[in-house]
Amino acid sequence: FRGSMRSPPKKPSAPPGDPPGTPPLAPVLQLLRNQLQEKDALIRHLESDWERSRAQREREERLLVTAWYNMGLALQQQEGGTAPRGLPSGAQSFLAQQRLATVARRARTPHGRAPSS
């Protein structure tokens with residue numbers, strides 16, 4: 001029985017030779033490594049470009065929002081004739097106007113009932 005049993009094939013200790021007609025393995029590996037490095041460099045370059053573009057877009061969006069805010073504020077001041085800060089006497093904020101309207105309404109009709117004469 002011992003002679004009929006086959007032992008598993010042993011792995012060769014040295015790499016097998018290249019088949020005839022193919023270039024040696026080392027230059028092919030070096031070429032692939034160079035291509036990989038070039039692609040990695042391109043990826044890093046594209047990522048940095050994308051990051052710069054994103055930052056620029058965010059700055060532009062903030063500028064647009066600021067411009068719209070300032071334009072609306074200027075229009076509101078022009079319509080109402082009020083100054084932007086420090087509200088001159090007589091000028092009141094929106095909330096202050098709402099509070100005054102609520103107080104005036106409550107003074108006219110206490111809790112929804114007609115005022116008694």
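Let's start with threonine 102, which is found in helix H2, the stretch covering residues 94–108. Keep in mind that what you're looking at is a predicted model. The side chain of threonine 102 reaches the backbone oxygen of glutamine 98, at a distance of 2.9 Å. Is threonine 102 buried or partly exposed? With 25% relative accessibility, threonine 102 counts as partly exposed, because the buried class stops at under 20% and the exposed class begins at over 50%.

Now for the overall picture. The protein has two helices and zero strands. Of its 117 residues, just 1% are buried. Its accessible surface comes to about 11,500 Å², and carbon and sulfur atoms account for 60% of that.

On to helix H1, which takes in residues 25–80. Leucine 32 lies in this helix, and at 47% relative accessibility leucine 32 counts as partly exposed. Leucine 32 also has company: together with Leu25, Val28 and Leu29, it forms a nonpolar patch on the surface. Between them, these four residues have about 330 Å² of accessible area.

Next come the charged side chains. How many salt bridges does the structure hold? There are three, and here they are, with the distance from N to O:

| Salt bridge | Distance, N to O |
|---|---|
| Arginine 52 and aspartate 49 | 2.1 Å |
| Glutamate 51 and arginine 54 | 2.1 Å |
| Glutamate 58 and arginine 54 | 2.7 Å |

Take the pair of arginine 52 and aspartate 49 to begin with. These two are three residues apart in helix H1, so about one helical turn separates them. Aspartate 49 has 26% relative accessibility, which means it counts as partly exposed.

Glutamate 51 and arginine 54 tell a similar kind of story. Both lie in helix H1, three residues apart, or about one turn of the helix. Glutamate 51 is partly exposed, its relative accessible area being 35%. Arginine 54 is partly exposed too, at 24% relative accessibility.

Then there's glutamate 58, whose side chain meets that of arginine 54 in a salt bridge. Here the spacing is four residues within helix H1, so glutamate 58 and arginine 54 are separated by about one helical turn. Glutamate 58, at 31% relative accessibility, counts as partly exposed.

Which residues do salt bridges with shared partners join into one network? They are Glu51, Arg54 and Glu58. Arginine 54 is the shared partner, since its side chain meets glutamate 51 in one salt bridge and glutamate 58 in another.

To wrap up, helix H1 holds leucine 32, which belongs to the nonpolar surface patch, as well as the pair of glutamate 51 and arginine 54. Over in helix H2 sits threonine 102, with its side chain reaching the backbone oxygen of glutamine 98.

Note on methods
Residues are numbered from 1 along each chain as its sequence is written. This is a predicted model: local features need pLDDT of at least 70, side-chain atom pairs count only at pLDDT 80 or more; totals for chains, interfaces and linings use all residues. Side-chain values use heavy atoms; hydrogens and water are left out. Patches are made of residues with over 30% relative accessible area and no salt bridge: like charges are joined within 9 Å, nonpolar side chains (Val, Leu, Ile, Met, Phe, Trp, Tyr) within 5 Å. Accessible areas come from the Shrake-Rupley method with a 1.4 Å probe; for residues, only the protein chains shown count as cover. Buried means under 20% relative accessible area, exposed over 50%, partly exposed in between (1.4 Å probe, protein chains only). A polar contact is a pair of N or O atoms within 3.5 Å; within protein, one must be able to donate a hydrogen and the other to accept it, and residues adjacent in sequence count only if both atoms are side-chain atoms.
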